[in-house]
Amino acid sequence: MLHRNLIAGEWVSGHASANINPSNTNEVIGEYAHASAEDTKQAIAAAKASLASWSRSPILERHAMLKKTGDEIIARKEELGRLLAREEGKTQPEAIGEVTRAAQIFDFFAGEVLRLSGEMLPSVRPNIGVEITREPVGVVGIITPWNFPIAIPAWKIAPALAYGNTIVLKPADLVPGSAWALVDILHRAGAPAGVVNLVMGRGSIVGQTLLDSPDVNAITFTGSVGTGKRVALASVEHNRKFQLEMGGKNPFVVLDDADLSVAIEAAANSSFFSTGQRCTASSRLIVTEGIHDRFVSALSERLEGLVVDDALKAGTHIGPVVDASQLKQDADYIDIGRNEGAKLAFGGTRLERETPGFYLQPALFTEATNQMRIAREEIFGPVAAVIRVKDYDEALAVANDTTFGLSSGIATTSLKHATHFKRNSEAGMVMVNLPTAGVDFHVPFGGRKRSSYGSREQGRYAAEFYTTVKTAYTLA
Ligand code: UN1
């Protein structure tokens, strides 16, 4: 079946390419049309044309549309989870979890529509009233990555629509299926023509057209540091609002006083679940010397028990890497780590399974230093490095010695160290005795340093990006 782009309320055809299953590269999930630059311009024009009426639409209409979307996603979570697992390669339970999160996000913002509010203040001058309100920012360009094919589009689209914006979505080239299904649901849930537009295809064509358009008022982007920089530069050129979520090199600290089983579960999850393909994954395990050897042997044992196989098979813990080029990047970093002098304590070999897919055994390095490339550059695969440190102070210094600052974690039973780490970790999100990845949907998401730019996503904090403030004065 050919899946087409949605432009101005019409399904528009175009040159299509196949969406391939990374667990079985012989399997085609479907054909997905590529939008041209002209299609993208039309989508932007449609979003612009529908802005005035959508931004003034009755709040019950917006509420109903978002609620209906959430309801359909949850009713179809098994089927949508299966599609997501097939196109991205995370396991089916992880995929169903992600689909559930997408539904919850639509529910949350359906509620927010009914809670829109402003402020009314007396002026410092007599007989004058001041109203502070939030208005939509306008046409929002949404550029999403392949690793969360439905949750990230959801957490950008839901607030954008709730606050009265119109959108043009450009999903990652590798995973158009989940985004298409989501847009189909929104369309049938009553999104008026032009309010929600889908333009699948290449970054160099579709993404670039969004960046170059003076009619795109805001761009929200999740993806690589390199592309994020291009979004930033183009947006400054147009004096346009932008928000970036990019890489991570997230530290997970394990102290001598940690509960070992809590530390192992959190580390295994942080570094290897979802095949390590999360910007919130931890690839630096910073371990104090008193627990170091016990930690390494217990984690290796845990990894031994993890099944790497087809994402759809019951019992699979880790699905395939998303595609051939990501697999090459992971393998290259494993070579780099070895050549830098780190010790490959577990895994790291390519695996063969029943079907042809991009299977890689999780790789655990030990004897790594924080100066090595494997400890400084984002790998985005199931590869982690243990860095041995003397004590908490050194652990904190190493944790913060990175250009990134998305999430961080610590395993400890010490209230003093947990409290100090929460306060002093240079990251947007800090986890105590929990994995660095796997966040709630109703609270702010975002990082510091090279990881993020702009205001936070998710929860009530999303309003900051998707609205612009108006201050009105009235003489009584
Ligand atoms: C999570 O860890 O639950 O691209 C979410 C990413 C992040 C999302 C992580 N933006 O990996």
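Strands S4 and S5 form a hairpin with two residues between them. Helices (H or I, at least four residues) and strands (E, at least two) are taken here as DSSP runs, numbered from the N terminus. The structure is a predicted model, in which local features need pLDDT of at least 70, side-chain atom pairs count only at pLDDT 80 or more, and totals for chains, interfaces and linings use all residues. Residues are numbered from 1 along each chain as its sequence is written, and side-chain values use heavy atoms, with hydrogens and water left out.

Within the hairpin, S4 and strand S5 (residues 24-33) run antiparallel and are joined by six bridges. Two strands are regarded as paired if DSSP finds at least two bridges between them. Ala16 has Ala33 of S5 as its bridge partner, and Ser17 is matched with Tyr32 in S5. The hairpin strands belong to an open sheet of three strands with the order S1-S5-S4 and mixed pairing. Strand S1 (2-3) and strand S4 (16-21) stand at the edges with a single partner strand each, so one side of each is left without a neighbour in the sheet. In general, strands of a sheet pair through backbone hydrogen bonds, either parallel or antiparallel.

Parallel pairing is found around strand S19. Strand S14 (residues 282-288) runs parallel to S19 and is joined to it by five bridges; Leu285 has Val386 of S19 as its bridge partner. Strand S18 (residues 363-368) is likewise parallel to S19, through four bridges, and Phe365 stands opposite Ala385 in S19. S19 is mostly covered, with six of its seven residues buried. Buried denotes under 20% relative accessible area, exposed over 50%, and partly exposed the range in between (1.4 Å probe, protein chains only).

The loop between strand S19 (383-389) and helix H13 (392-400) holds Asp391. Asp391 is partly exposed, at 30% relative accessibility. Together with Asp256, Glu289 and Asp393, Asp391 gathers in a patch of negative charge on the surface. Such patches are made of residues with over 30% relative accessible area and no salt bridge, like charges being joined within 9 Å and nonpolar side chains (Val, Leu, Ile, Met, Phe, Trp, Tyr) within 5 Å. Lys and Arg count as positive and Asp and Glu as negative, whereas His and the chain ends are not counted. The place of a charge is taken as NZ of Lys, CZ of Arg, CG of Asp or CD of Glu. Accessible areas come from the Shrake-Rupley method with a 1.4 Å probe, and for residues only the protein chains shown count as cover.

A search of the whole structure finds 23 salt bridges, each defined as a side-chain nitrogen of Lys or Arg within 4 Å of a carboxyl oxygen of Asp or Glu. One of them joins Lys90 to Glu98, with the closest N and O atoms 2.7 Å apart. Lys90 is buried, with a relative accessible area of 1%, and Glu98 is also buried, at 3% relative accessibility. In the salt bridge between Glu112 and Arg115, the closest N and O atoms are 3.0 Å apart. Here Glu112 is buried, its relative accessible area being 9%, whereas Arg115 is exposed at 53% relative accessibility.

A further salt bridge is formed by Lys313 and Glu354, whose closest N and O atoms are 3.5 Å apart. This pair links distant parts of the chain, 41 residues apart: Lys313 lies in the loop between helix H10 (289-304) and helix H11 (324-340), and Glu354 in the loop between strand S16 (350-351) and strand S17 (359-360). Lys313 is partly exposed at 34% relative accessibility, while Glu354 is exposed, with a relative accessible area of 73%. Salt bridges that share partners also join Glu72, Arg76, Glu79, Asp184 and Arg188 into one network.

Positive phi values occur at two loop residues other than glycine, Ala8 and Asn433. Ala8, with a phi of about 55°, is found in the loop between strand S2 (5-7) and strand S3 (10-12). Ala8 is partly exposed, at 35% relative accessibility. For Asn433, phi is near 60°, and the residue is placed in the loop between strand S22 (429-432) and strand S23 (448-449). Asn433 counts as partly exposed, with a relative accessibility of 28%.
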